[in-house]
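Student: Could we walk through this structure together, one question at a time?
Tutor: Gladly; have a look at it and then we can begin.

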Amino acid sequence: MAVEKVTIFPCGGIGDPVSSVTRLAGYILAEDLLPGRVELVSIPPVITGVPEELERVQAYPVIALDGCGHRCGSNALNLVGLRPAARLFTPRVRSETKNAIGRRRPFPEVSGQKLAKDLAERAAVIARHMLEDPEYRFERQVARPNPEGLHDESLDIEEALGYEEVDVGCFHCAGMCPFKLEKDPELRRQLEEEVKEYEELDGFEC
Amino acid sequence: MGATVARLATYVVAEELIPEKTLISCAPAFLRGVEEDVLMVVKSPSFALDGCEWSCGTNLLYLAGITPAVRFLLPEYAEAQGFDLSGGSRRFPSGVTKDFSRLVAERVAEIAGGMMERGSPYAFQRPELKKQPDKWFRSAPNMEGLMEFVRIEPGIYRPTSMPLLPEEVSGGG
């Protein structure tokens with residue numbers, strides 16, 4: 001049976017400009033593409049145990065959105081003993097779409113906004129499959145502290161979670177139900193026509 | 001919304017107000033163990049900008065055995081400064097989100113400037129990083145029962161175990 005909701009879990013960084021791209025991808029997915037069906041959850045409240053946020057990542061499949069080679073989104077889930085239902089890896093998506101991350105951190109430049117759309121499109125395809133395919137299976141997960149990898153970057157998180165790349169930048173995690181990736185031209189049209197790109201925001205140059 | 005203000009304020013401090021003397025530690029990278037993100041909070045006093053009462057910024061440091069030098073509770077600070085954040089955007093750096101983040105940044109820079117001023121009495125002792133997974137998932141609003149604070153002004157707190165801020169010593173602020 002399909003699931004009621006899906007959770008998107010962007011990397012949540014602050015120092016690297018790519019974190020603004022993944023965050024924007026989360027907003028596009030949760031606010032523009034699949035409002036009410038995708039919940040945006042950030043890393044800190046999951047680790048500290050804010051009840052509502054913790055409930056979301058246990059009750060619904062999580063799409064982790066790693067921004068850079070540190071793979072912090074995946075690591076954070078692993079730290080609480082949860083497995084992502086899918087994972088997007090921004091450097092791989094970028095290598096295909098060629099949209100640059102950019103340099104600005106408060107809000108991405110237009111190229112970064114395009115990259116955010118690329119990520120959101122892939123996440124939406126995956127999420128819709130989970131939400132709509134009656135054959136998709138998900139069992140509630142139970143969070144528990146898993147200090148493996150805490151303050152220790154030597155942990156190979158790809159191996160720990162058993163990731164397998166099923167399409168460029170889209171990874172399946174071992175032990176989770178496989179997902180399908182059927183591209184939808186309507187989704188691309190919606191992103192291009194309805195999700196505005198900004199060159200300037202309230203006097204702030206993007 | 002508070003999280004967006006915290007993020008934007010951080011950029012204003014680090015990129016405009018105190019460039020090269022401010023380091024931004026990324027919470028997920030800190031948890032991951034990215035060396036620079038860990039060293040920053042061990043070697044220098046930290047400002048935690050908490051976007052809501054759940055205080056994840058302060059709590060993440062606490063879980064690693066680190067106490068921030070100063071904690072901002074942004075909704076309380078906003079109210080005290082006459083900002084209504086309810087209509088702000090969490091997605092875009094605009095409107096009240098942008099305006100309030102600048103005010104927060106200016107206050108952070110003021111306190112930090114006092115700490116770094118030549119001849120400042122502020123003394124920072126390096127904490128030791130700890131792994132304490134037994135303390136996870138015990139979140140309490142405003143760190144109740146976990147950390148005690150002195151209120152410097154509405155929305156700005158100093159943990160009682162941390163050194164007095166220069167403006168407390170001089171009676172200003």
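Student: Is Pro133(B) buried, partly exposed or exposed?
Tutor: A quick note before that: this is a predicted model, in which local features need pLDDT of at least 70, side-chain atom pairs count only at pLDDT 80 or more, and totals for chains, interfaces and linings use all residues. Residues are numbered from 1 along each chain as its sequence is written, while chains are lettered from A and ligands numbered from 1 in the order in which they are written. A residue is buried if 20 or more other C-beta atoms, placed from the backbone, lie within 10 Å of its own, exposed if 12 or fewer, and partly exposed in between. Pro133(B) has 16 C-beta neighbours inside 10 Å, so it counts as partly exposed.

Student: Which residues does Pro133(B) touch, not counting those up to four places away in sequence?
Tutor: Pro133(B) sits in the loop between α6 and β3 (149–153) of chain B; helices (H or I, at least four residues) and strands (E, at least two) are DSSP runs, numbered from the N terminus. Two residues are in contact if their C-beta atoms, placed from the backbone, lie within 7 Å. On that basis, the residues touched by Pro133(B) are Pro145(A), Pro147(A) and Leu150(A).

Student: How many residues of chain B are in contact with chain A, and how do they divide by class?
Tutor: The elements α1 (2–17), α2 (27–32), α4 (56–63) and α6 (95–116) of chain B each give at least two residues to the side that touches chain A. For the classes, Ala, Val, Leu, Ile, Met, Phe, Trp, Tyr, Cys and Pro count as nonpolar, Asp, Glu, Lys and Arg as charged, and the others, Gly among them, as polar. In chain B, 32 residues are in contact with 32 residues of chain A. The side of chain B that touches chain A has 20 nonpolar, six polar and six charged residues.

Student: Why is chain B described as being as compact as a globular protein of its length?
Tutor: Chain B has seven helices and four strands. The radius of gyration is taken over C-alpha atoms, and the globule rule is 2.2 Å times the number of residues to the power 0.38. For 173 residues that rule gives 16 Å, and chain B is as compact as a globular protein of that length because its own radius of gyration is close to this, at 15 Å.

Student: Turning to chain A, which strands stand at the edges of the open sheet?
Tutor: Two strands pair if DSSP finds at least two bridges between them. The open sheet has six strands with mixed pairing, in the order β2-β1-β3-β4-β6-β5 (chain A). An edge strand has a single partner strand, so one side is left without a neighbour in the sheet; here these are β2 (38–40) and β5 (163–167) of chain A.

Student: And what is the hand of the crossover from β3(A) to β4(A)?
Tutor: Four bridges join β3(A) to β4(A), and the two run parallel; Ala64(A) stands opposite Arg87(A) in β4(A). The chain passes from β3(A) through helix α4 (residues 72–79) of chain A to β4(A). A crossover is right-handed if, with the strands pointing away from the viewer, the path from the first strand over the helix to the second runs clockwise. This β-α-β crossover is right-handed.

Student: How many residues of β3(A) are buried?
Tutor: Val62(A), Ala64(A) and Asp66(A) point one way from β3(A), with Ile63(A) and Leu65(A) pointing the other way, and all are buried. The strand is mostly covered, and the buried count is five of its five residues.
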